[in-house]
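Please examine the sequence and the three-dimensional model shown here before reading on.

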Amino acid sequence: KSLDGRYLKSYLGTYYEFETDEDPAPKVLAFEPVNGATQVSRNGPFIIYFDRSIEPESLYENTELEVVSVDSGLSITLTGSSIRTFFSVIWKNENTELRLVPNRTLSPRTAYQIRIKKCSFKSSSGKAISGLENFWTQFTTGGM
């Protein structure tokens with residue numbers, strides 16, 4: 001009975017056991033620049049924020065980044081070491097922030113799209129990220 005005299009429902013047989021994952025797969029929290037941004041710096045950086053520490057070398061394993069000049073239609077697909085050729089790669093905040101800085105200044109007042117065609121980012125504990133394939137963001141650079 002409850003304190004006020006009501007009979008309580010029997011919860012016999014409604015017992016469940018479960019375990020939570022102490023180390024869930026990493027997730028992307030945000031991207032910069034956001035989709036549709038204008039006046040974006042021609043020198044970047046382009047940033048991906050993760051919810052947990054990422055193994056830096058996983059960027060180069062089975063990753064395809066496509067950079068498209070929307071105005072001209074020209075594109076380049078980067079994999080493995082060619083990512084290092086096109087971008088300076090900087091990891092910050094205990095590897096939760098990936099900064100990609102173009103090694104060549106982008107054209108002024110130009111629409112670009114960066115697309116992650118496939119990737120195999122892994123947390124520092126080895127958990128693989130999912131759902132990031134075919135993600136893209138489009139932005140327009142500022143003037144000179």
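The paragraphs below treat the spaces in this structure and then its charged side chains.

The model is predicted, and every value given here is computed from it. The account begins with the open space. The largest pocket holds about 280 Å³ of space. Its lining consists of 15 residues, and those nearest the centre of the pocket are Val 67, Ile 76, Phe 86, Leu 106 and Tyr 112. Two elements give two or more residues to this lining, namely strand S4 (64-69) and strand S5 (75-79). Of these, S4 provides the largest share, with 3 residues. By chemical character, the lining of the largest pocket comprises 8 nonpolar residues, 6 polar residues and 1 charged residue.

The enclosed space is considered next. The structure contains 1 cavity of 30 Å³ or more, and the space in the largest cavity amounts to about 130 Å³. This cavity is lined by 15 residues, of which Phe 31, Phe 46, Ile 48, Ile 114 and Thr 137 are the closest to its centre. Strand S1 (28-32), S3, strand S7 (97-102), S8 and S9 each give two or more residues to the lining of the largest cavity. The largest share comes from S3, which gives 3 residues. Here the lining divides into 13 nonpolar residues, 1 polar residue and 1 charged residue.

Strand S4, already met at the pocket, also carries a charged residue that deserves attention. Glu 66 lies in this strand, S4. What does the model show around Glu 66, a residue that is buried yet has no salt bridge? The nearest side chain of opposite charge belongs to Arg 115, at 4.1 Å, whereas a salt bridge requires a side-chain nitrogen of Lys or Arg within 4 Å of a carboxyl oxygen of Asp or Glu. When residues up to four places away in sequence are left out, Glu 66 touches Ser 75, Ile 76, Thr 77, Gln 113, Ile 114, Arg 115 and Lys 117. Among these contacts of Glu 66 is Ile 76, one of the residues nearest the centre of the largest pocket. Another contact is Ile 114, one of the residues closest to the centre of the largest cavity.

How many salt bridges does a search of the whole structure find? The search finds 5, and three of the pairs are described here. One of them joins Asp 51 and Arg 52, with the closest N and O atoms 3.4 Å apart. Asp 51 counts as partly exposed because its relative accessibility is 31%, and Arg 52 is likewise partly exposed, with a relative accessible area of 23%.

A further salt bridge is formed by the side chains of Arg 84 and Glu 57, at 3.3 Å from N to O. Arg 84 belongs to helix H1 (residues 80-86) and Glu 57 to the loop between strand S3 (46-50) and S4, so the pair ties together parts that are 27 residues apart in sequence. Arg 84 is partly exposed at 42% relative accessibility, and Glu 57 is partly exposed with a relative accessible area of 42%.

The side chains of Glu 61 and Lys 122 also meet in a salt bridge, with an N to O distance of 3.9 Å. Glu 61 lies in the loop between S3 and S4, and Lys 122 in the loop between strand S8 (111-118) and strand S9 (135-141); the pair therefore ties together parts that are 61 residues apart in sequence. Glu 61 has a relative accessible area of 39% and is partly exposed, as is Lys 122 at 32% relative accessibility.

Note on methods: Residues are numbered from 1 along each chain as its sequence is written. This is a predicted model: local features need pLDDT of at least 70, side-chain atom pairs count only at pLDDT 80 or more; totals for chains, interfaces and linings use all residues. Side-chain values use heavy atoms; hydrogens and water are left out. On a 1 Å grid over the protein atoms alone, a cavity is a set of points where a 1.4 Å probe fits but cannot get out, and a pocket is an open set with protein on both sides within 12 Å along at least five of seven lines; lining residues have an atom within 4 Å of a point. Grid points are joined across faces, edges and corners, and a volume is the space filled by probe spheres set on the points. Helices (H or I, at least four residues) and strands (E, at least two) are DSSP runs, numbered from the N terminus. Ala, Val, Leu, Ile, Met, Phe, Trp, Tyr, Cys and Pro count as nonpolar, Asp, Glu, Lys and Arg as charged, and the others, Gly among them, as polar. Buried means under 20% relative accessible area, exposed over 50%, partly exposed in between (1.4 Å probe, protein chains only). Lys and Arg count as positive and Asp and Glu as negative; His and the chain ends are not counted. Contact means heavy atoms within 4.5 Å.
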